[in-house]
Amino acid sequence: MRYLTDRKRAQGMGAGGSGTQGHWRMMVRSMIMVVLVPLFLIALGKGIDGSYQEVLAYFSRPIPVIIVALALVVGLIQLMHEAQEAIEDYVHGVAEKLTIVATQAFCYTLIAASLLALIKLAL
């Protein structure tokens, strides 16, 4: 029979580690997204209303491309961290590590593909 103290039971559960730092980072990303999402919707809404040549002309300007790129990058990074939190809660062991690596690789691939598509559209 194992006797565990309260401290031993709580150890590794986020009580004394980097939980506060992670929370603040999540809050900052969320506040950035509160500003970026309406700007993203406006920029995208104005951008896709027209012919192919009009869309190319609209996205050749720097402001819409910057807004869309920032929204995609910050949104996908937020998605990656939220998925990592869910994985840490429900998956354990080697499967947890492999799933986190796969999720991060997928999100970074999406970021790279999104930025490449925006660059090709803008140039």
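This report walks through the helices, the buried residues and a few long-range contacts of a predicted model.

## The overall fold

Let's start with the whole chain. The model has 5 helices and 0 strands, and from the N terminus on the elements read α-α-α-α-α. Of the 123 residues in the chain, 23% are buried. The accessible surface comes to about 9000 Å², and carbon and sulfur atoms hold 69% of that area.

Contacts across the sequence are worth a look too. Among contacts in the chain with a separation of 6 or more, 66% join residues that are 24 or more positions apart. Several of the residues described below give examples of positions far apart in sequence with a short list of partners or a C-alpha distance to check on your screen.

## Helices α4 and α5

Helix α5 covers residues 94-122 and has 29 residues. From its first C-alpha to its last, α5 reaches 42 Å, close to the 42 Å expected at 1.5 Å a residue. Helix α4 (62-90) is the element that the buried residues of α5 pack against. The 29 residues of α4 should span 42 Å at 1.5 Å a residue, and the end C-alpha atoms of α4 are 42 Å apart, so the two values agree.

Which residues of α5 are buried? They are Glu96, Ile100, Thr103, Cys107, Ile111, Ser114 and Leu118. In α4, the buried residues include Val65, Val68, Ala71, Val74, Leu76 and Met80. Pro64, Ile67, Gln84 and Ile87 are also among the buried residues of α4.

## Two residues of α4 and their partners

Val73 is a good place to zoom in, and it sits in helix α4. With a relative accessible area of 23%, Val73 is partly exposed, because buried would mean under 20%. Setting aside neighbours within four places in sequence, Val73 is in contact with Ile111 and Leu115. Ile111 is one of the buried residues of α5. The C-alpha atoms of Val73 and Ala112 are 9.0 Å apart in space, while the two residues are 39 residues apart in sequence.

Gln84 is also in helix α4. Is Gln84 buried or exposed? Gln84 has a relative accessible area of 18%, so it falls under the 20% cut-off and counts as buried. Leaving out neighbours within four places in sequence, Gln84 is in contact with Ile100 and Gln104. Ile100 is among the buried residues of α5.

## Around Pro64 and the aromatic pair

Pro64 has its place in helix α4 and is buried, with a relative accessible area of 4%. Not counting residues up to four places away in sequence, Pro64 touches Ala43, Tyr58 and Phe59. The C-alpha atoms of Pro64 and Phe40 are separated by 8.1 Å, and these residues are 24 residues apart along the chain.

Two of those partners meet each other as well. The structure holds 1 aromatic pair, formed by Tyr58 and Phe59 with 5.2 Å centre to centre. The planes of the two rings are 85° apart, which means the pair counts as edge-to-face, since that class begins over 60 degrees. Tyr58 is buried, with a relative accessible area of 13%, and Phe59 is buried at 4%.

Arg61 is found in the loop between α3 (52-59) and α4. At 45% relative accessibility, Arg61 is partly exposed. Arg61 and Ala122 are 61 residues apart in sequence, yet their C-alpha atoms are 7.3 Å apart in space.

## Helix α2 and its nonpolar patch

Leu39 has its place in helix α2 and counts as partly exposed at 38% relative accessibility. Ile67 is 28 residues from Leu39 in sequence, with 6.8 Å between their C-alpha atoms. Ile67 itself is one of the buried residues of α4.

Which residues form a nonpolar patch on the surface? Trp24, Met27, Val28, Met31 and Ile32 do, and together they have about 480 Å² of accessible area. Ile32 lies in helix α2 (residues 19-47). Ile32 counts as partly exposed because its relative accessibility of 37% is neither under 20% nor over 50%.

Technical notes:
Residues are numbered from 1 along each chain as its sequence is written. This is a predicted model: local features need pLDDT of at least 70, side-chain atom pairs count only at pLDDT 80 or more; totals for chains, interfaces and linings use all residues. Side-chain values use heavy atoms; hydrogens and water are left out. Rings of Phe, Tyr and Trp (its six-membered ring) pair if their centres lie within 6.5 Å; planes under 30 degrees apart count as stacked, over 60 as edge-to-face and the rest as tilted. Buried means under 20% relative accessible area, exposed over 50%, partly exposed in between (1.4 Å probe, protein chains only). Patches are made of residues with over 30% relative accessible area and no salt bridge: like charges are joined within 9 Å, nonpolar side chains (Val, Leu, Ile, Met, Phe, Trp, Tyr) within 5 Å. Accessible areas come from the Shrake-Rupley method with a 1.4 Å probe; for residues, only the protein chains shown count as cover. A salt bridge is a side-chain nitrogen of Lys or Arg within 4 Å of a carboxyl oxygen of Asp or Glu. Helices (H or I, at least four residues) and strands (E, at least two) are DSSP runs, numbered from the N terminus. Contact means heavy atoms within 4.5 Å. The expected span of a helix is 1.5 Å times one less than its number of residues.
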